[in-house]
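Subject: Structure handover

Hello,

Here is the structure I said I would pass on. My notes on it follow below.

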Amino acid sequence: MEPTAAGHDAHVEALFFDVFGTVVDWRTGIAREARAILEPLGFDIDWAAFADAWRAGYQPAMEAVRRGSTGFVRLDVLHRQILEGIKDRFGLGRLDEATSAALNLAWHRLDAWEDVPPAFARLHRRFLMAPVSNGNIALMVDLARRNEIHWDAILGAEVARDYKPKPAVYLSACEAFGLPPARCMMVAAHSYDLRAASEAGLRTAHVARPAESPGAEPRPVVPVDIAARSFEDLADQLRV
């Protein structure tokens, strides 16, 4: 969808970013890292399918926390649980603990999309910027250091002790910066994330990531303040 109105950025002071798929390319990175770790051990699997299967367990694993069925645990823990659940499907049941632990850290070694460095340099001149991700703090720090991203804070699930799209995740980020939701903008490639942020009172920007995965959204399916083709386009529309 197109932006809902001109001047949508007039009072925005902070930009909050989804990370997996929006800022970093999880699918290529997980396939690459899995191959680098497992191929020397004699494994030959469909690396992209493995990445997709691992990611497919993401939302179901968080749902138990959202429902309150289990207490909050960091995404690193959930990623390991998902990995254990898909090992046999890919013939990886005999992996030892050290290899499994190293493989789980593949999520800490993902690369940013190529438009991130130039666009973030522009955006940071004007806005406070932070990840509001379901990823835990150590995971976000490792991705930031790998990709030379200079956040003003690390916010999101571990701060809120809950997972998106629960309202507390977005609202705790606003509170951390001492800003009302209307002066914060959630930036994501996923409409469910933006719908929830909007319902919590934040402004929203959709950035298309058609290469994220076969099911990626070429455009938002919910009303947003900005619909951008890339982070560079987002910076243009925010006039920075």
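I will start with one residue and its partner. R122 counts as buried, at 17% relative accessibility. The model is a predicted one, so please read every value here as computed from predicted coordinates.

Salt bridges

The side chain of R122 meets that of E232 in a salt bridge, with N to O at 2.9 Å. R122 belongs to helix α6 and E232 to helix α11 (residues 231-237), so the pair ties together parts that are 110 residues apart in sequence. Unlike R122, which is buried, E232 counts as partly exposed, at 27% relative accessibility.

A second pair is D225 and R203, whose closest N and O atoms are 3.5 Å apart. D225 sits in the loop between β5 and β6, and R203 in strand β5; the two are 22 residues apart, and the pair links distant parts of the chain. D225 is buried, with a relative accessible area of 12%, while R203 is partly exposed at 22%.

A third pair is D52 and R27, at 2.7 Å from N to O. D52 is in helix α2 and R27 in helix α1, so this bridge ties together parts that lie 25 residues apart in sequence. Both side chains belong to partly exposed residues: D52 has a relative accessibility of 25% and R27 one of 23%.

The count of salt bridges comes to 19. Some of them form a network, which links R32, E33, R109, D111 and R146.

The sheet

Six strands make up an open sheet with parallel pairing, in the order β3-β2-β1-β4-β5-β6. The edges are β3 (155-156) and β6 (226-228); each has a single partner strand, so one side of each is left without a neighbour in the sheet.

Strand β1 (residues 14-17) is joined to strand β2 (residues 128-133) by four bridges, and F17 has P131 as its bridge partner there. Four bridges also join β1 to β4, again in parallel, with L15 partnered by M185. In β1, A14 and F16 point one way, L15 and F17 point the other way, and all are buried. This fits the usual pattern: in a regular strand the side chains alternate between the two faces of the sheet.

Further along, β4 (residues 184-188) and β5 (residues 203-207) pair in the parallel sense over four bridges. A188 stands opposite H206 in β5.

Nonpolar cores

The largest nonpolar core has 62 residues, and the members that touch the most others are F17, F20, F50, F120, L123, F231 and L234. Helix α1 (residues 26-38) gives the most to this core, with six residues. Leaving aside residues up to four places away in sequence, F50 touches A34, I45, L83, I86, F90, L92 and L103. Another core, of 23 residues, lies apart from it and includes A160, C174, F177 and V224.

Helix α3

In helix α3 (residues 58-67), the buried residues are Y58, A61, M62, A64, V65 and R66. Among the elements that cover them are α2 (47-56) and α4 (75-86). The residue after α3 is G68, with a positive phi near 85°.

D115

Where is D115 placed? It is in the loop between α5 (97-104) and α6 (116-124). D115 counts as buried, at 9% relative accessibility. A polar atom of the D115 side chain lies 2.8 Å from the backbone nitrogen of F231. Not counting residues up to four places away in sequence, D115 touches R209, S230, F231 and E232.

Cysteines

How many disulfides does a search of the whole structure find? The result is zero. C174 is in no disulfide, and its nearest cysteine sulfur, that of C184, is 3.7 Å away. C184 is likewise in no disulfide. The cut-off for a disulfide is 2.5 Å between cysteine sulfur atoms. Both residues are buried: C174 has a relative accessible area of 2% and C184 one of 0%.

Regards

Conventions
Residues are numbered from 1 along each chain as its sequence is written. This is a predicted model: local features need pLDDT of at least 70, side-chain atom pairs count only at pLDDT 80 or more; totals for chains, interfaces and linings use all residues. Side-chain values use heavy atoms; hydrogens and water are left out. A nonpolar core is a set of buried Ala, Val, Leu, Ile, Met, Phe, Trp, Tyr and Cys residues joined through side-chain atoms within 4.5 Å. Buried means under 20% relative accessible area, exposed over 50%, partly exposed in between (1.4 Å probe, protein chains only). Contact means heavy atoms within 4.5 Å. Two strands pair if DSSP finds at least two bridges between them. A polar contact is a pair of N or O atoms within 3.5 Å; within protein, one must be able to donate a hydrogen and the other to accept it, and residues adjacent in sequence count only if both atoms are side-chain atoms. A salt bridge is a side-chain nitrogen of Lys or Arg within 4 Å of a carboxyl oxygen of Asp or Glu.
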